[in-house]
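Please open the model in your viewer and keep a selection panel at hand. The tour below goes from one selection to the next and says what is to be found at each stop.

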Amino acid sequence: MTETTALLDTVLESIRDAVVVCDDARRLVRANKAFEALTGHSAAALLGGGDPDAAAAGATLTAALSSTGGLWQGTLVCAGGIGKAVEIRVAAVNGDGDFPSHYLGLVCQARDGGRDRGEGRFGHDDLTGLPNRDIFLDRVDRALLHCNRIGGSVALLMMGLDRFTMVNDALGHAAGDRLLVEVAHRLRHCIRETDTVVRLDGDKFAMVMTIADMDDSVIVAEKVLHSVKQPFAIDDQEVVVTFSIGIALFPQDAGDAPGLVKQAENALHHAKVSGRNQYQFFSKDMNRKAKLRLDLEARMRRALANHEFTVFYQPKVSNEDERLVGAEALVRWIDPDKGMISPGEFIPVAEETGLIEQIGAWVLRRSCEQTRGWQDMGLSPVKVSVNVSARQFRSRSFIETVTDILGDTGLDPRWLELEITESMLMNDVELAVRKMTAIRDLGVGLSIDDFGTGYSSLSYLGRFPITTLKIDRAFIADVDTNPKTAEIARAIIGLSRGLNLEVVAEGCEVAEHVAFLRTHGCSTVQGFYYSRPLPADQFQQMLAAGRVRRPKQ
Ligand code: C2E
Ligand code: MG
Ligand code: MG
C-alpha cells in the first residue's frame, strides 16, 4: 500500500460519514465502518453478496451510484430487512484519462424518512433530543452567514465530558445514557434561544453562538463549567463530572465552518491536556485575555474580603450660588500591588460574574453610613447619589437591600438618590416601572444617568417615576464649541423642566461649560471644574466649608 492509499484508508475508516465506493464498472469495492454502523451490513457481506438483505442493498447502491445528478434518494434495505430512507450524494473520481475511475457515495439518512419508522427526528439525537452531527455543520454555516451579513463574531465551543468512560464503566451504559440526558438538559439552560447546542456523539457536545465580543463566549463557557460541575443524581448515586471546552472564533480563527470546527477541536485538545475542567481558546491572545479576566475576578473576590474597596465622593454644585448640594458616590479599588483601579476596569467583569451585587450593596451601605455620619457631626446635609448596575437593579432582593440599608444606617431616604441608566429599564418596562415606584415609595430619589446616550425614549420618560435627569458628559464636553451638542443639551434641560425634573450636568471641566449651563437653566453641575472625586475625609472638609473652592483661574 502506498503512503497515499494508507492515508486515504485511515481517513475513510475514521470519518463519521457513511461512504461506499464503486469502480468504473459500477461494482461495489468498498464500504467504510460508518456505513456498517448505519446499515448493519458488514462490508464483507455487502461485497460478497451471500446475505440476501446485503445483496438487495448492494443492488440499490449500484443503481444509485450509476444515477446522474449527484443526489439519489430512496430506500435502502438494512440488516434485518428494515428499510431506511436515505440520501446518497454521488461524486465521480477522475482517473488518468477523461473517464472517472471510481464513484463515491456519501450515504445519510433522509430528512423526513425517520419519523414514521420510529427512528427519531432527522438531525436530532434520539437519546438527548438535541440536534446532532447531521445538522451541526449547517448550523455553523448559518451562523457564519448571519455574522457576515450583520457583523459580530461566532463562537464555536467544542465540549467533551472528562472521564465519561469511567462513569460508563463504573455504573453501566444505561446510567451513562441517563447522565448524558441530564447534561444535555443543563446545557440547554446555558444558551440563548438563538444559539444552538448539539450532541456530536458519545460524550461530545458543541455550541454555536453569535456574540458581540469575546467576553460573551467566556461567560457561556464559565456557565457551562459551573453548571455541569454540580453533582448529578443518577440511580441514587451522586455523580460528579466536568467538561473540557475548546473555543474558536469566527472570523478571527478561521474563515469557514470546517476550519472553525478544526480549530475548536484543537482548542479542546489543549483544554484536555492542560488538566481538564477548563476552557481554552484556540488563539493564544484570547487565552491571555481570558486569563486576565479570571485573575481579575479572583482578585476582586479577595478585595471584597480584604476591604480593598473604598468610596470616593464627587461634589455636585448649585449653579446659582456654588453651594455644595450633593455628591456622587464612586467606588474605587485600592489594590495593594496595583494601586487604584478605576470602576471602568472592574465593574463590567463584576457585573458579568455577579460580584457586582455584593460590591454594589457594600457601596450603598458605606455611602449611606458615611452620609448619615456627616449629618450626625452637624455638617449640613447633602444628598448622596449611588450608582446601581443593571444586575443589581434586576435582582429580586434589590428593594429589600435598599430598605435594610436605610434601616440599619438610619439615613433619611430623602438624602439618598439612586442613579440608573436607561438601558436597564427598556427590557421589561412594566417591571422596571414597578421597581422604580417601589423605590420612590421608600422616599428615595431616582436619577437617569448618562441621559442621551441610551434609548432616550421620550414616550417612556413620562411613565418613569424619576426625580432627576443627568446629562451625559459627552454632551457637555463641547457644549461651548459645537452648536449641535449645545442644542441637545438645551433640549434636555428644557425637557427636564417640562417634566418637572431636576437636571444635573456631569463632566463640567471648564468655566465655559458652567457658564453655558447657567445661562440655560441647568441647576446643578458636577465635574473636574469644581472637583474630582475625593476620598471621604477630603470631601468631609469640603462639606464643613459648605462651598466648593474653585481652582484659581
Ligand atoms: P458615571 O456614573 O457616569 O460617573 C461619572 C464618571 O465621570 C466618574 O468616573 C467620574 O470620575 C467621571 N467624571 C466626573 N467629572 C468628570 C469630568 O469633568 N471629566 C471627565 N472626563 N470625567 C469626569 P468613574 O468614577 O471612573 O466611574 C465610571 C463609571 O463607573 C461611572 O460612570 C459608573 O457608571 C460606574 N461606577 C462607579 N462607581 C460605581 C458603583 O459604585 N457602582 C456601579 N454599579 N457603578 C459604578
Ligand atoms: Mg453615575
Ligand atoms: Mg454618568
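Begin by selecting the magnesium ion (ligand 3), whose protein donors in this predicted model are Asp449 (OD), Asp450 (OD) and Glu506, the last of which is listed with OE twice, at distances of 2.1 to 2.4 Å from the ion. Along the chain these donors follow the spacing D-D-x55-E. If you now colour by secondary structure, Asp449 is found in strand 18, while Glu506 sits in the loop between strand 20 (502-505) and helix 20 (511-519), so that the pair, 57 residues apart, links distant parts of the chain. Are these two residues buried or exposed? With a relative accessible area of 7%, Asp449 is buried, and Glu506, at 9% relative accessibility, counts as buried as well.

Keep Asp449 selected and add the magnesium ion (ligand 2), which is 4.0 Å from the magnesium ion (ligand 3), with Asp449 coordinating both. Around the magnesium ion (ligand 2), the protein donors are Glu328 (OE), Asn387 (OD1), Glu419 (OE) and Asp449 (OD), and they lie 2.0 to 2.2 Å from the ion. Their spacing in sequence reads E-x58-N-x31-E-x29-D. Because Glu328 belongs to strand 14 (residues 324-335) and Asp449 to strand 18 (residues 445-451), the pair ties together parts of the chain that are 121 residues apart in sequence. Glu328, like Asp449, is buried.

Next, select helix 10 (residues 284-305) together with helix 11 (residues 343-353), the axes of which come within 10 Å and cross at roughly 85 degrees. Helix 10 is therefore roughly perpendicular to helix 11. Showing side chains here brings up Arg293, Leu296, Glu297 and Met300 of helix 10, which meet Glu345, Phe346, Val349, Ala350, Glu352 and Thr353 of helix 11. Sorted by class, this contact of helix 10 with helix 11 comprises 5 nonpolar, 1 polar and 4 charged residues.

Finally, zoom out to the whole protein chain, in which the secondary structure comes to 21 helices and 22 strands. Turned onto its principal axes, the C-alpha trace spans about 105 × 55 × 45 Å, and the radius of gyration is 33 Å, whereas a compact globule of 553 residues would have one near 24 Å. Colouring by accessibility will show buried residues making up 47% of the 553 residues. Of the contacts between residues at least 6 apart in sequence, 62% join residues at least 24 apart.

Notes:
Residues numbered from 1 in each chain as written. Chains lettered and ligands numbered in written order. Predicted model: local features only at pLDDT ≥ 70, side-chain atom pairs only at ≥ 80, totals over all residues. Heavy atoms only, no water. Axes fitted to C-alpha atoms, helices over the stretch in contact; angles between N-to-C directions. Helix = DSSP H or I, 4+ residues; strand = E, 2+ residues; numbered from the N terminus. Parallel < 35°, antiparallel > 145°, perpendicular 65-115°, else oblique. Contact = heavy atoms within 4.5 Å. Nonpolar A, V, L, I, M, F, W, Y, C, P; charged D, E, K, R; others polar. Donors = N, O, S within 2.8 Å, 3.2 Å for Na, K, Ca; no water. Buried < 20%, exposed > 50% of the residue type's maximum accessible area, 1.4 Å probe, protein only. Rg over C-alpha atoms; globule rule 2.2 N^0.38 Å.
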